[in-house]
Amino acid sequence: MSTIVMLDSAKSPDCANHRITDTELIERSRRPKQYVEHWTLDRCGQAIRYRVNFMPSPRGGTDSTVQAE
């Protein structure tokens with residue numbers, strides 16, 4: 001969540017109110033365990049969607065990537 005807020009704050013520095021308002025699972029695969037979600041951010045009243053990919057890390061745990069849509 002903090003990564004999305006940080007990325008969006010850089011795109012819209014004049015807005016001081018960034019918050020996640022919704023998340024939605026859109027894709028799941030079992031091998032390897034990967035998940036794709038849409039996260040909706042409220043940027044001072046404007047809804048902005050991000051695609052968040054979660055995948056197993058070779059070091060253990062989970063890695064993620066974030067892309068604006």
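**Exercise 1. The disulfide**

The structure holds 1 disulfide. The model is a predicted one. Find which residues form the disulfide, and state what the link ties together.

*Solution.*
Step 1. Find the pair. Cys15 and Cys44 form the disulfide, with sulfur atoms 1.8 Å apart. The cut-off for a disulfide is sulfur atoms within 2.5 Å.
Step 2. Place each cysteine. Cys15 sits in the loop between helix H1 (2-11) and E1, and Cys44 sits in the loop between E2 and E3, so the link ties together parts that are 29 residues apart in sequence.
Step 3. Give the handedness. The link of Cys15 and Cys44 is right-handed, with 100° about the S-S bond.
Step 4. Check the cover on each side. Cys15 has 7% relative accessibility and counts as buried. Cys44 has 47% and counts as partly exposed. The cut-offs are under 20% for buried and over 50% for exposed.
Step 5. Add the backbone. Cys44 takes a positive phi near 50° in the hairpin of E2 and E3, which has 2 residues between the strands.

**Exercise 2. The fold**

Write down the order of helix and strands along the protein chain, then describe the overall dimensions.

*Solution.*
Step 1. Count the elements. The protein chain has 1 helix and 4 strands.
Step 2. Read along the sequence. The pattern is α-β-β-β-β.
Step 3. Take the box. Along the principal axes, the C-alpha atoms of the protein chain fill roughly 40 × 25 × 15 Å.
Step 4. Turn to the surface. The protein chain exposes about 4900 Å², and carbon and sulfur atoms supply 48% of that area. Of the 69 residues, 28% are buried.
Step 5. Look at contact range. Take contacts between residues at least 6 apart in sequence: 25% of them join residues at least 24 apart.

**Exercise 3. The sheet**

Which order do the strands take in the sheet, and why is one side of E1 and of E4 left without a neighbour?

*Solution.*
Step 1. Establish the order. The sheet is open, has 4 strands and runs E1-E2-E3-E4 with antiparallel pairing.
Step 2. Find the edges. Strand E1 (18-29) and strand E4 (62-68) each have a single partner strand, so one side of each has no neighbour in the sheet.
Step 3. Add the twist. From one strand to the next, the twist averages 25°.
Step 4. Examine E1 with E2. Strand E2 covers residues 34-43, and 10 bridges join E1 to E2. A hairpin of 4 residues connects E1 to E2.
Step 5. Name partners across this pair. Asp22 stands opposite Thr40. Thr23 stands opposite Trp39. Glu24 has His38 as its bridge partner.
Step 6. Examine E2 with E3. These strands run antiparallel and are joined by 9 bridges. Tyr35 has Phe54 as its bridge partner in E3.

**Exercise 4. The core**

Which residues make up the largest nonpolar core, and which element gives the most to this core?

*Solution.*
Step 1. List the members. The core has 7 residues: Ile4, Ile20, Trp39, Leu41, Ile48, Tyr50 and Val52.
Step 2. Assign the elements. E2 and strand E3 (46-56) give two or more residues to this core. E3 gives the most, with 3 residues.
Step 3. Check E2 for cover. In E2, 8 of the 10 residues are buried.
Step 4. Follow one core member. Beyond neighbours within four places in sequence, Ile20 contacts Met1, Ile4, Trp39, Thr40 and Leu41.
Step 5. Set this against a general trend. In soluble globular proteins, nonpolar side chains tend to be buried together.

**Exercise 5. Ala47 and Ser57**

Decide for Ala47 and for Ser57: buried or exposed?

*Solution.*
Step 1. Locate the residues. Ala47 lies in strand E3. Ser57 is in the loop between E3 and E4.
Step 2. Apply the cut-offs. Ala47 has a relative accessible area of 62% and is exposed. Ser57 has 10% relative accessibility and counts as buried.
Step 3. List contacts, leaving out residues up to four places away in sequence. Ala47 touches Thr40 and Leu41. Ser57 is in contact with Thr62 and Asp63.
Step 4. Add a distance. Ala47 and Asp22 are 25 residues apart along the chain, and their C-alpha atoms are separated by 9.9 Å.

Note on methods
Residues numbered from 1 in each chain as written. Predicted model: local features only at pLDDT ≥ 70, side-chain atom pairs only at ≥ 80, totals over all residues. Heavy atoms only, no water. Pairing = 2+ DSSP bridges. Axes fitted to C-alpha atoms, helices over the stretch in contact; angles between N-to-C directions. Core = buried A, V, L, I, M, F, W, Y, C linked by side-chain atoms within 4.5 Å. Buried < 20%, exposed > 50% of the residue type's maximum accessible area, 1.4 Å probe, protein only. Contact = heavy atoms within 4.5 Å. Areas by Shrake-Rupley, 256 points an atom, 1.4 Å probe, with all protein chains shown as cover.
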